[in-house]
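This report describes selected strands, aromatic rings and charge placements. The sequence and structure are shown first.

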Amino acid sequence: MTFPSPKILVVDDSRMFLQVLVNNLQDAVTGEIVSAGSMAEARELLEEHEFDLAMLDLNLPDAPQGEVVDLVLARDIPVIVFAGDCADHTRDRLWSKKIVDYVVKEGGESLNYAVRQARRVIMNRDAKALVVEDSETVRTMLAGLLRVHRFQVFEAENGREALKVMNANSDIQLIITDYEMPEMDGVRFVRVVRARHPKDEVAIIGISSHEQENLSARFLKSGANDFLTKPFSSEEFYCRVSQNMDLLEYIHTIKDYSEKDFLTGLYNRRYLFAQGASRVRRKQKRGEKIYLAMLDIDHFKKINDQYGHEKGDAVLKDMGEKLR
């Protein structure tokens, strides 16, 4: 599924904070940032635009009790809230509204965290997650939490059903799995998944209320990336999910840097020598034909000499797109 360029609503009555936040978002997210300084302005913008995410100050002059949060959530827009304090009653009230996250205005790092969360939610639109849990109540709750962060969510009530879902959706990136389930428990399910998908493809978080002392270690040794003990808070759940998704992204970025040409995005010589032989063997094992092409761009040096290296780079990029 391909999504259009995102549109983010930012609302804060501090012009300086608003400008800094918008500037940071523009550096981190490719999309349109629309700002407002009051709830009244935000209401007008909501009538004019469809937003993919909103970042809202909890206390505005014309909405001192957080009314702007309810206004935006009513339109099914994911919300990150900026709050002036982290008192328990404030935190509990915000999480009860099913927000994406809340951030206390405490300086540069809190702002950076908010921007990272915004970027993560936008990227989650392309991410598929699978919840494996035999309790329908718990499964629905976990799936709902993931949908707040805009994951495409699949559900399964046991390991065997989950494997069928994965066979039909090989690009699932995140799995949340319980331990005690009929037919196939969570640890065994993790082992089967890991035999097919390495840690740089799928992040797995095990969960359980089981009191076995070594259960978390069993999950991790079987290939899980993380473990949560039930009951856990929405805040802790989201922190674990975001950290694991960020780690997947970092790994993919590093692999791209090492395996792909920076200019064209095509696989490089290193990738050919690292993966070529195994790919040939797989083709031979299936009895499939193998094709190899070696191409040269005729007179490419003349392009660089006559038009400059910038135009030469443009030719290489275009050739890369054609080859892809």
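## Burial of Thr177

A residue counts as buried when its relative accessible area is under 20%. In this predicted model, Thr177 has a relative accessibility of 0% and is therefore buried. Thr177 belongs to strand S8, which covers residues 172-178.

Leaving aside residues up to four places away in sequence, Thr177 is in contact with Val132, Gly186, Phe189, Val190, Phe219 and the run Ile204, Ile205, Gly206 and Ile207.

## Strands S4 and S5

Strand S4 spans residues 79-83 and pairs with S5 in the parallel sense, with four bridges between them. Within this pairing, Phe82 is placed opposite Val103 of S5. Helix H4 (residues 88-95) joins S4 and S5 in a right-handed β-α-β unit.

In a regular strand, side chains alternate between the two faces of the sheet. In S5 (residues 101-104), Asp101 and Val103 lie on one side, while Tyr102 and Val104 lie on the other. These four residues are all buried, and both faces of S5 are thus covered.

## Aromatic pairs

The count of aromatic pairs is eight. One cluster linked by ring pairs comprises Trp95, Tyr102, Phe232, Phe237 and Tyr238. Tyr102 of this cluster is also one of the buried residues of S5, and Trp95 of the cluster falls within the residue range of H4.

## Charges over rings

Two lysines are placed over aromatic rings. The charged end of Lys105 sits over the ring of Phe17, at 4.5 Å from the ring centre. Lys260 lies over the face of Tyr267, with a distance of 5.2 Å to the ring centre.

Key:
Residues are numbered from 1 along each chain as its sequence is written. This is a predicted model: local features need pLDDT of at least 70, side-chain atom pairs count only at pLDDT 80 or more; totals for chains, interfaces and linings use all residues. Side-chain values use heavy atoms; hydrogens and water are left out. Rings of Phe, Tyr and Trp (its six-membered ring) pair if their centres lie within 6.5 Å; planes under 30 degrees apart count as stacked, over 60 as edge-to-face and the rest as tilted. A charge sits over a ring if NZ of Lys or CZ of Arg is within 6 Å of the ring centre and within 35 degrees of the ring normal. Buried means under 20% relative accessible area, exposed over 50%, partly exposed in between (1.4 Å probe, protein chains only). Helices (H or I, at least four residues) and strands (E, at least two) are DSSP runs, numbered from the N terminus. Two strands pair if DSSP finds at least two bridges between them. A crossover is right-handed if, with the strands pointing away from the viewer, the path from the first strand over the helix to the second runs clockwise. Contact means heavy atoms within 4.5 Å.
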